[in-house]
Amino acid sequence: MTDKATVLVLGATGLFGGLLVQRLCREGRFTVVCAGRTRQTLQALRDQTGAEYRQFDRDDPDVVQTVLIGLKPFAVIDCAGPFQEYGKDCYRFARQVVELGCHYLDIADATDFVSEISDLDELAKDRCVSAISGASSTPAISSAVVDSLTKDLVEVNSVESAIIPGNRAKRTLSVMRAVLGQVGQPYEIVRFGKNEQVRGWSELRKIDLQTKGKPLVKGRLASMVNTPDVSLFPERYDAQTVTFRAGLELKIFHHALSFGRVLVATGILKSLAPLSSFARWVASWFESFGSNVGGMKVSVLGKDDRGAMLRREWDLIASDGKGPEIPTLPISILLKKLADGDVKPGARPSPGEVDLKEVEQALSEIDAESTLHETRVLPIFQQVLGDAFEAMPEAIRSLHNGFGQRKFGGRARTQGSLGVIGWIAAKVVGFPAAATDISVDVTITADEHTENWQRAFGGKTFNSVMSIDEGGFLQESFGPLSMRLGLRFENGKLHYPAIKGQLFGWIPIPTLLLPKSLAHEGVDEEGRFTFDVLLKPPFGGRIAHYKGWLIRRGSSV
């Protein structure tokens with residue numbers, strides 16, 4: 001291109017639109033025209049950047065048509081939002097842009113909006129233009145990272161991402177409405193290969209970020225949010241689990257939204273979005289707290305062609321308040337590629353449109369730094385047992401050697417509790433009653449930190465969670481009771497003696513009062529995995545006794 005092409009930026013007076021305008025004006029490759037509803041703020045942006053401006057309302061199709069015909073822009077960028085509130089005909093503006101033969105890009109993070117932009121594909125191809133939705137942190141940057149992290153993996157178990165901005169990042173009303181509008185709202189994710197409903201701002205987790213040249217970001221809270229990743233990535237990467245989280249640096253605000261989730265989930269409030277102006281006002285009182293350091297984490301768990309399970313994590317840290325510039329970088333990259341003719345015509349979501357090398361080059365320009373961490377991941381039983389794990393029979397190893405969700409079934413014989421203490425303990429945990437021959441189903445959900453065991457005896461279920469405690473021992477938790485187990489493989493069997501106990505995670509149980517665990521796993525004459533679990537109170541009686549065999553669902557012996 002010899003002459004400067006015109007780029008029209010809608011929502012230019014918002015946080016991300018304003019940052020994009022500044023960036024495009026600095027780069028100087030395009031004639032930038034700002035668009036918005038308020039003349040005063042548009043004039044201020046013009047004075048700051050030198051960009052032209054047009055005042056109009058995108059909801060008025062006649063005015064939009066007049067502006068587009070008059071400007072004849074090369075590309076139109078929608079940075080307005082929140083895209084979740086664009087209504088029934090959500091692509092009206094995008095369609096007008098494409099019909100007039102202009103490229104269309106947006107920074108949408110609304111799942112349905114981004115995922116269904118391909119409705120305009122035939123029209124875009126007919127007009128020989130591109131319409132790319134979600135050219136932002138999610139899913140454009142997140143997919144560029146996952147593309148790189150998974151390129152040599154033969155199996156992808158999980159893709160988990162999180163964005164954790166600093167508290168001093170600017171908050172516009174549109175951003176607040178997008179955040180609060182998700183709190184407590186139900187949406188679907190794919191977890192362990194199945195659709196599962198979760199709610200926005202649930203499942204709290206702590207996130208740490210570490211790069212070579214930036215200070216450690218540690219213990220930021222993050223909760224589940226609905227982004228295009230959760231819709232697009234399961235199919236794109238054949239991933240069994242895909243999640244996305246977002247967080248706030250100040251824990252008081254994060255916990256406040258968690259409480260708001262309860263109000264929405266119980267129907268007390270329909271949505272928190274109407275509280276956006278009030279929430280923004282409250283947040284302004286705390287702008288001096290926290291930091292101007294934020295970042296992003298993308299984590300992939302998968303298997304390489306040698307059978308090794310790997311955890312790959314990409315950590316990004318942006319300081320000096322540069323974090324809000326990150327969502328605008330894919331737009332800048334795509335505009336250059338469009339100008340060079342390197343983007344195919346058609347309408348589609350942004351995954352695959354930018355690569356990690358392009359992203360990291362753009363990140364370096366704002367002094368943001370990213371680092372890749374890779375570790376080999378072992379199942380928790382292999383971590384505890386070490387070399388003894390490989391010495392066990394295949395039937396035992398296969399039950400404890402895997403990630404994700406695996407199902408087993410078989411038959412069992414159960415004995416109920418004896419004595420008052422045994423009866424109380426059995427009721428608290430939910431151990432099975434007596435039965436001479438009963439079906440048993442076991443579902444094990446495992447990662448590198450825990451194994452969640454759900455056992456169903458004749459349809460009655462009870463759960464336990466196995467993990468590694470601070471001493472490197474296997475720990476099994478039944479409700480409020482946690483027991484440290486002296487796991488050992490001996491005489492062809494895997495034994496689980498209890499050597500220490502706690503209640504509610506912090507009350508130690510004296511050794512004299514510790515329940516006795518006479519439990520072991522083995523292999524029968526038919527090559528099946530067998531179990532024999534006897535739990536006794538410290539002074540006689542019985543809590544539970546169940547024994548039987550299991551095979552992997554879908555397998556045969």
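Buried here means under 20% relative accessible area, exposed means over 50%, and partly exposed covers what falls in between (1.4 Å probe, protein chains only). By that yardstick threonine 371, at 12% relative accessibility, counts as buried. The model is a predicted one, so to speak of a local feature takes pLDDT of at least 70 and a side-chain atom pair counts only at pLDDT 80 or more, while totals for chains, interfaces and linings use all residues. Numbering runs from 1 along each chain as its sequence is written, and side-chain values use heavy atoms, with hydrogens and water left out.

First, the overall picture. The secondary structure of the chain comes to 17 helices and 29 strands; these are DSSP runs numbered from the N terminus, with helices being H or I of at least four residues and strands being E of at least two. The C-alpha trace spans about 90 × 50 × 45 Å along its principal axes. Of the 557 residues, 53% count as buried. Contacts (heavy atoms within 4.5 Å) reach well along the sequence: among those with a separation of 6 or more, 65% come from residues 24 or more positions apart. The accessible surface, from the Shrake-Rupley method with a 1.4 Å probe and only the protein chains shown counting as cover for residues, comes to about 25500 Å², and carbon and sulfur atoms hold 51% of that.

Back to threonine 371, which sits in strand β16 (residues 369–376). Leaving aside residues up to four places away in sequence, threonine 371 touches Gln210, Thr211, Lys212, Glu313, Trp314 and Asp315. Leucine 68 tells a similar kind of story from a helix, α3 (residues 61–71). Leucine 68 is buried, with a relative accessible area of 3%, and touches Leu8, Pro73, Val76, Gln96, Val97 and Leu100, again not counting residues up to four places away. Leucine 100 lies 32 residues from leucine 68 along the chain, yet their C-alpha atoms are separated by 7.7 Å.

Helix α9 (residues 228–236) has its own set of buried residues, namely Pro228, Asp229, Val230, Leu232, Phe233 and Pro234. The cover over them includes α5 (111–115), α7 (137–150), β7 (153–164), β8 (186–191), β12 (241–246) and β15. Just after α9, aspartate 238 takes a positive phi of about 50 degrees.

Now for the charges. The chain carries 66 positive and 66 negative side chains, with the centres of the two sets 5 Å apart. Lys and Arg count as positive and Asp and Glu as negative, His and the chain ends being left uncounted; each charge is placed at NZ of Lys, CZ of Arg, CG of Asp or CD of Glu. There are 42 salt bridges in the structure, a salt bridge being a side-chain nitrogen of Lys or Arg within 4 Å of a carboxyl oxygen of Asp or Glu.

One of these joins aspartate 340 to arginine 29, with the closest N and O atoms 2.6 Å apart. This pair links distant parts of the chain, 311 residues apart: aspartate 340 is in the loop between α12 (329–339) and β15 (346–349), and arginine 29 is in the loop between α1 (15–27) and β2 (30–36). Aspartate 340 is partly exposed at 47% relative accessibility, and arginine 29 is partly exposed too, at 35%.

Arginine 484 and aspartate 469 also meet in a salt bridge (2.6 Å, N to O). Arginine 484 belongs to strand β22 (residues 481–485) and aspartate 469 to the loop between β20 (460–468) and β21 (474–478), so the pair ties together parts 15 residues apart in sequence. Both of these residues are buried. Lysine 547 pairs with aspartate 532, the closest N and O atoms being 3.7 Å apart. Here the link runs between strand β29 (residues 544–552), home of lysine 547, and strand β28 (residues 529–536), home of aspartate 532, 15 residues apart. Lysine 547 is partly exposed at 37%, whereas aspartate 532 counts as buried at 16%. Elsewhere, salt bridges with shared partners join Arg37, Asp57, Arg58, Asp59, Asp78 and Arg92 into one network.

Finally, the surface has a nonpolar patch made of Val420, Trp423, Ile424 and Val428, with about 420 Å² of accessible area together. Patches are built from residues with over 30% relative accessible area and no salt bridge, like charges being joined within 9 Å and nonpolar side chains (Val, Leu, Ile, Met, Phe, Trp, Tyr) within 5 Å. Isoleucine 424 lies in helix α17 (residues 420–429) and is partly exposed, with a relative accessible area of 44%.
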